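Here are a few exercises to work through with the model open beside you. Try each task before you read its solution.

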Amino acid sequence: MKATVEKIENRRATLTVEVEPETVARALDHAYRHLVQRVQIPGFRKGRAPRFLVERHLGKAALYEEALDHLLPEAYSQAVAETGIEPIDRPQLNIETFSEEQGLRFTAEVEVKPEVDLGDYRSLRVEVPVATVTEEDVQQELERWRELRATLEPAGEDAVAEKGMVAVLDLEGTLDGQPIPNGQAEDYTVELGAGRLLDGVEEQILGMRPGEEKDVPVTFPADHPEESLRGKTATFHIRLKELKRKVLPPLDDEFAQDVAGLSSLQELRAQVEKELTRIAQEQARADLRRQVVQKVVEGARLEVPETLVRRQVEDRINSLENRLRRQGDSLESYLQATNQTREQLAESLRPQAVEDVRTDLVLDAVAKAEGIEATDAEIQAELRSLAAAMGQPYQRVRQQFARSGLVLDVAENIRRRKTIDWLVEQATGQAAGAAATGGEAAEGQPVEAAATEAAVTGAPAGPGRQGQEGPVAEGARTPDTPEAAGASTGTTE
């Protein structure tokens, strides 16, 4: 086979590929052996009819079409590998000749990766962040643990609403004398001072006593999920039914035994400090990787292809749609809840998609310049980890990934991670993991009390904030945010 490439304008290249007649003859024979199994010709057992009868029965075009379906992708892939171009979209193919006597000649016009001017990325230097945990951090974490185990006790009929108390309310909202859709609630529970209610509402509740009622004006913010309420002032009739006080358990040896099975509070403090240190180190490592990648990307010059941006946006939307479906929801209901169209969602995702594509292209250019690749052993190790996480046999997962082409994505992610490791080592003079010990940290992961407790005790994370969403709650919680959808490659984590 012979392949030549000609670069033309707007990052498009044209491949001219010539395949020898002998290869075409083998492809036609392969096509015949495949088609003969699918037809029944009188006088012959299935799969035994000679080729000329198969051609007469199905038509010669069917044989050539079958051969081309097998030969064309293989020849194109080989031509791409031989010429070294990097396509980013499907090719526009044009068959010039295809016969057993002349062979196959075709052209493929395809958009390719842009040229990347990396700048002087090798001279980049970054200070290694230091991860520290103070006694105050440990104490704050323990206090959050106490909050998770707080109990509620009636404050009494003579109690006065104040911050820190939990209020049980009946709410009824009206706008211009008409009930607000979803603006009514009974036994709505909220912690006063937690910032769960719209501006001005909590202040009106403070000082009330159980059994008292009040009409409260509420002005909805300009970005409220319900478009018809934006900027409008409604009236909510509030009845305070009950006040409760939170009772925190004492921070003592018994608390340590209860939450972690440890014999003393001192041991619990040590365990919490150890876990907080691990999380801080992981976050420091993730921050360092993001900082290095950001500086390398800032120093590079390139044109981001619109083709890759559109694909990135669609991948994110598809990922969000799949996640919503697993939760028993749909993209349509999500769009309705967030008051936007699919096009508006796509436009909101575009800025981050542009940055993700830019980052991936720069990392790929660095990998190419430095000869960084994923080894077979690394790919196998990654697939074994995936198989274990999926609870499936390794051989089955490997075959599935190989058939679907996903093994190329695995190799790409490994290569990008190795590239970031190399850049961190160059920028700091240390190995990539020296700045912080431990595994990969989730990007922007907060140090949550429940998560830390689960890590120390081995128990599931505890419940979240008390109270449920209601008509005067600050904003609407959606099942997933677009920013979480379809994350690019996670390469900066």
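**Exercise 1.** Find how many contacts beyond four places in sequence the model has for residues 475-493, where pLDDT stays under 50.

*Solution.* Start with the terms: pLDDT is the predictor's confidence in each residue, from 0 to 100, and contact means heavy atoms within 4.5 Å. With those in hand, the model has 57 contacts beyond four places in sequence for residues 475-493. Next, look at residues 435-471, where the pLDDT is also below 50; that stretch has 86 contacts in the model beyond near neighbours in sequence. Now zoom out: the protein chain has a mean pLDDT of 85, with 87% of its residues at 70 or more. Confidence bottoms out in helix H14 (residues 449-457) at a mean of 45 and peaks in helix H10 (residues 342-370) at 96. Helices here are DSSP runs of H or I with at least four residues, strands are runs of E with at least two, and both are numbered from the N terminus.

A word on ground rules: this is a predicted model, so local features need pLDDT of at least 70 and side-chain atom pairs count only at pLDDT 80 or more, while totals for chains, interfaces and linings use all residues. Residues are numbered from 1 along each chain as its sequence is written, and side-chain values use heavy atoms, with hydrogens and water left out.

**Exercise 2.** Work out the order of the four strands in the open sheet.

*Solution.* Two strands pair if DSSP finds at least two bridges between them. Following the pairs gives E1-E2-E4-E3, with antiparallel pairing. At the edges sit strand E1 (2-8) and strand E3 (92-99), each pairing on one side only. Then zoom in on E3 and strand E4 (residues 103-111): they pair in the antiparallel sense over seven bridges. As a spot check, Ile-95 has Phe-106 in E4 as its bridge partner.

**Exercise 3.** Classify the ring pair of Tyr-64 and Phe-98.

*Solution.* Rings of Phe, Tyr and Trp (its six-membered ring) pair if their centres lie within 6.5 Å; planes under 30 degrees apart count as stacked, over 60 as edge-to-face and the rest as tilted. By this rule there are three aromatic pairs. For Tyr-64 and Phe-98, the centres are 5.2 Å apart and the planes at 75 degrees, so this pair is edge-to-face. Finally, place the rings: Tyr-64 is in helix H3 (residues 60-83) and Phe-98 in strand E3, so the pair links distant parts of the chain, 34 residues apart.
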